[in-house]
Each structure stands twice: as C-alpha cells, then as structure tokens.
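Biologist: Can you walk me through this model? I'd like to go topic by topic.

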Amino acid sequence: MTAKFQGVEAIEDNRQVAAANWAAQATKQKSVKLTPVSGDASFRRYFRFINEGKPIILMDAPPEKEDSAPFIDIASRLKEAGLRAPAILEFDLQQGFGLLEDFGDTLYRELINQQSVDSLFPELFEILNTMARHVSAGGLPQYDEAALAIELDLFSTWYLDLHKKRPLNGHEAGIWHAVCQKLIDSARAQPQVFVHKDFHSCNLLQTSEGPGIIDFQDGLRGPISYDFVSLAWDRYIAWPRARIEDWMRQTYQVFPLECSFSEWVRYCDWMGLQRNLKIVGIFARLKHRDGKQGYVEMIPRFYQYLIDVLTRYPEFNQFHQLLEQKDCAP
C-alpha cells in the first residue's frame with residue numbers, strides 16, 4: 001500500500017472516531033459502536049449504531065468535500081409532498097455529521113427481478129408522478145443547457161480521451177457537438193419539474209410505510225423524463241425494449257404531460273442517451289481520478305444502452321457508427 005492511501009485511511013479512521021464521539025454526545029451516550037453500512041461514489045459514508053435499542057444511521061459527509069445543506073432541504077421537500085424520505089434527527093453542517101432515520105437494508109435492487117417488477121414499478125411510477133406534481137423545485141439548481149453540456153463532456157473527456165485514449169478528430173468533434181445539442185434541446189423542451197437525479201434501485205429501500213427514498217441531495221429542477229430513465233435503464237438488469245416501452249406508456253398516462261406518446265418516447269430515449277453518456281464518463285473518472293476501480297466494470301452495460309437507442313434514430317447514425325468502432329467501444 002502506498003503512503004498516499006495509508007494517509008487517506010488514517011484520515012478516514014480519524015473521522016470515524018470523531019463521528020462516533022459526536023454521535024455519542026448527540027444521543028447522550030458514553031460511547032457508540034459504529035458499524036459501516038455503505039459508501040457510494042461520493043465522499044459520503046454511512047454507519048449504523050444503536051440508541052435505546054433502536055438503530056440510527058450516521059452520515060459522514062466531510063464538509064470540505066460535500067455540502068449537506070441540499071440534503072436537509074430536499075428531505076424536507078419530499079416529506080412535505082408525502083413521500084418517504086428519512087427523518088433527520090440531528091445534523092451538524094460544520095462538522096459534516098448527521099443522524100438519520102434507519103430505513104433498514106432491503107434495497108429495491110434485491111427485490112426487483114423479472115417476476116416482481118410488474119408489481120413493484122407501478123408504486124415507483126406513482127412516486128415519480130408525485131415528485132413531478134407536488135415536490136417544490138423552487139430555488140433549486142436548474143438543469144440548464146450549461147449543466148447538461150458539462151455532463152456530456154464527461155464522456156468525451158474522461159471516457160474517450162483518457163480511458164480509451166481516443167480523442168475525437170475535427171470531423172468527429174462536429175458530429176459529437178451536434179448530438180450534444182440535440183440531446184440538450186430535447187431535455188430543455190420537456191416540462192421542468194423536481195428531479196431526484198439518481199432515482200434507481202440502489203437508492204430505494206423497502207420500509208413498512210412504502211418505498212424509502214435516499215441519496216437525493218443532488219435534486220434539482222429539470223426534465224420530467226430524467227428520473228424515469230434512471231429507473232428504466234438499470235445498472236443491474238437490462239430490460240427488454242418492449243417492457244421499457246410499456247413503462248413509457250404507463251408513465252405517459254399519469255405524468256403531467258402535454259405531448260404525444262411518440263414525443264414522450266423520444267424524450268425518454270434522448271434523455272437516456274444524455275444520462276448514459278454521462279454515466280460512462282463518470283465511471284471512467286471514478287477509476288482514473290478517484291481510484292475506484294469497480295465502476296469501470298459496469299461501462300459495457302451502459303455503453304450497450306447507448307447503442308440500443310442510437311440504432312432507433314437515423315439522425316444519430318454517424319455517432320452510432322463512431323461508437324461502434326473498436327477503439328471507442330469498451
């Protein structure tokens with residue numbers, strides 16, 4: 001192990017000690033025993049401990065790396081709309097420690113499969129409908145043209161340039177920029193509503209009172225299709241196109257939309273392209289910038305999602321051919 005990573009581990013150990021001391025003081029205990037629950041692609045970590053016989057989640061979000069104020073704000077917005085966000089028992093923004101209601105360990109990732117999905121997804125679609133109609137997006141960041149473009153740049157910069165060592169030439173760059181503009185225009189043309197930004201099976205937990213929603217701190221005001229495509233183009237299960245289109249029809253019937261069904265399908269497909277291009281870039285960045293190796297193994301699935309949708313739209317034919325080249329493909 002290098003000195004660099006030894007130093008990182010020492011810092012994390014020091015924070016865990018500080019977190020345990022803070023949690024003990026907050027709950028008026030002499031000491032608490034923290035058990036790791038999970039980490040994610042950010043710098044946040046989660047622990048569980050027992051207080052008066054009941055489990056509590058401790059969030060560790062180093063303030064120099066993670067601003068937790070949006071988490072507190074959006075949790076309140078979700079709860080006001082009647083959705084199941086964790087209660088925030090206490091939070092110290094200055095230190096980056098928080099105590100949260102414990103939703104348990106049963107992720108929807110473990111529940112969703114070919115047999116169960118048709119009984120589970122309708123309730124999740126209703127959550128998306130509630131978020132679109134009733135969760136206030138006032139004052140939240142806008143998922144505007146600049147934000148969408150920055151995300152798309154992750155694909156060309158981190159995946160093509162750095163990971164594949166395959167920069168685009170002048171003609172190819174023109175194709176890429178034209179694709180980006182089409183995707184941005186489509187996203188901006190849709191109804192702009194509250195967007196969770198990472199609504200998928202690993203951020204939903206089964207509770208006795210319905211699906212518990214977590215990891216919503218990046219929520220913003222953006223395209224109504226975004227959270228649906230996050231759920232439909234899953235990182236663990238590749239659903240058949242017929243099933244995805246059936247879900248598109250189900251959501252079309254309940255979401256606040258004023259477009260034709262064919263337009264809704266295109267909105268979803270093109271939003272999925274934007275999101276999945278971004279994801280491929282993020283997974284490459286997690287490896288090369290952050291030293292997190294596991295995410296790059298998921299690139300082929302999301303790359304295939306890109307190919308599957310690009311084949312359906314002749315206007316993306318040149319870009320499709322580019323991505324099919326061996327030096328671009330995973």
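Biologist: Which ring does the charged end of R109 sit over?

Modeller: That would be the ring of Y236, with the charged end 3.8 Å from the ring centre. Keep in mind that this is a predicted model.

Biologist: And what about R266, which ring is under its charged end?

Modeller: The ring of W270, and there the distance to the centre is 5.1 Å.

Biologist: Is W270 buried or exposed?

Modeller: W270 counts as buried, because its relative accessibility is 6%, and the cut-off for buried is under 20%.

Biologist: OK, on to ring pairs. How many aromatic pairs are there in the whole structure?

Modeller: The search turns up 21 aromatic pairs. Take Y252 and F261: their ring centres are 5.5 Å apart and the planes stand at 70 degrees, so that pair is edge-to-face.

Biologist: How accessible is Y252?

Modeller: Y252 is partly exposed, at 25% relative accessible area. Its partner F261 is buried, at 18%.

Biologist: Back to W270 then. What sort of aromatic pair does W270 form with Y313?

Modeller: An edge-to-face one, with 5.7 Å from centre to centre and 80 degrees between the planes. W270 sits in helix α9, which covers residues 261–288, while Y313 is in the loop between α10 (299–310) and α11 (317–324). The two are 43 residues apart, and the pair links distant parts of the chain.

Biologist: Is Y313 buried or exposed?

Modeller: Y313 is buried, with a relative accessible area of 12%.

Biologist: Which residues form the aromatic cluster with F121?

Modeller: F125, F228, W239, W247, F255 and W264 join F121 in one cluster.

Biologist: Let's switch to cavities. How many of 30 Å³ or more does the structure hold?

Modeller: One. The largest cavity has about 60 Å³ of space in it.

Biologist: What lines the largest cavity?

Modeller: L128, M131, A132, V193, F194, V195, P223, I224, D227, F228 and F255. F228 and F255 belong to the aromatic cluster as well.

Biologist: Which elements supply at least two residues each to that lining?

Modeller: Helix α4 (117–134), strand β6 (192–195) and helix α7 (226–232).

Biologist: How does the lining split by class?

Modeller: Ten nonpolar residues, no polar ones and one charged.

Biologist: Now cysteines. How many disulfides does the count come to?

Modeller: Zero.

Biologist: Why is there no bond for C180?

Modeller: The closest cysteine sulfur to the one in C180 belongs to C328, and because they are 14 Å apart, that is too far for a bond. A disulfide needs the two sulfurs within 2.5 Å. C180 itself is buried, at 8% relative accessible area.

Biologist: And why does C268 miss out?

Modeller: Same kind of reasoning: its closest cysteine sulfur is in C259, 8.6 Å away, so that is too far for a bond. C268 is buried too, with a relative accessible area of 0%.

Biologist: Any backbone oddities? What is phi of K197?

Modeller: Near 90 degrees, which is a positive value in a residue other than glycine. K197 is in the loop between β6 and β7, and K197 counts as buried at 12% relative accessibility.

Biologist: And where does D215 sit?

Modeller: D215 is in the loop between β8 (210–213) and β9 (220–223). Phi of D215 is positive as well, near 60 degrees, and D215 is buried at 13% relative accessible area.

Biologist: Last topic, contacts along the chain. How far apart are L205 and R84 in space?

Modeller: C-alpha to C-alpha, L205 and R84 are 9.7 Å apart, with their positions 121 residues apart in sequence. L205 lies in strand β7 (residues 204–207) and counts as buried at 7% relative accessibility.

Biologist: Where is L306, and how far is its C-alpha from that of D269?

Modeller: L306 is in helix α10, and its C-alpha is 9.4 Å from that of D269, which is 37 residues away along the chain. L306 is buried, with a relative accessible area of 1%.

Biologist: And which strand holds R45?

Modeller: Strand β2, residues 45–51. R45 is buried at 17% relative accessible area, and its C-alpha is 8.3 Å from that of L58, 13 residues apart in sequence.

Note on methods. Residues are numbered from 1 along each chain as its sequence is written. This is a predicted model: local features need pLDDT of at least 70, side-chain atom pairs count only at pLDDT 80 or more; totals for chains, interfaces and linings use all residues. Side-chain values use heavy atoms; hydrogens and water are left out. Buried means under 20% relative accessible area, exposed over 50%, partly exposed in between (1.4 Å probe, protein chains only). Rings of Phe, Tyr and Trp (its six-membered ring) pair if their centres lie within 6.5 Å; planes under 30 degrees apart count as stacked, over 60 as edge-to-face and the rest as tilted. Helices (H or I, at least four residues) and strands (E, at least two) are DSSP runs, numbered from the N terminus. A charge sits over a ring if NZ of Lys or CZ of Arg is within 6 Å of the ring centre and within 35 degrees of the ring normal. On a 1 Å grid over the protein atoms alone, a cavity is a set of points where a 1.4 Å probe fits but cannot get out, and a pocket is an open set with protein on both sides within 12 Å along at least five of seven lines; lining residues have an atom within 4 Å of a point. Grid points are joined across faces, edges and corners, and a volume is the space filled by probe spheres set on the points. Ala, Val, Leu, Ile, Met, Phe, Trp, Tyr, Cys and Pro count as nonpolar, Asp, Glu, Lys and Arg as charged, and the others, Gly among them, as polar.
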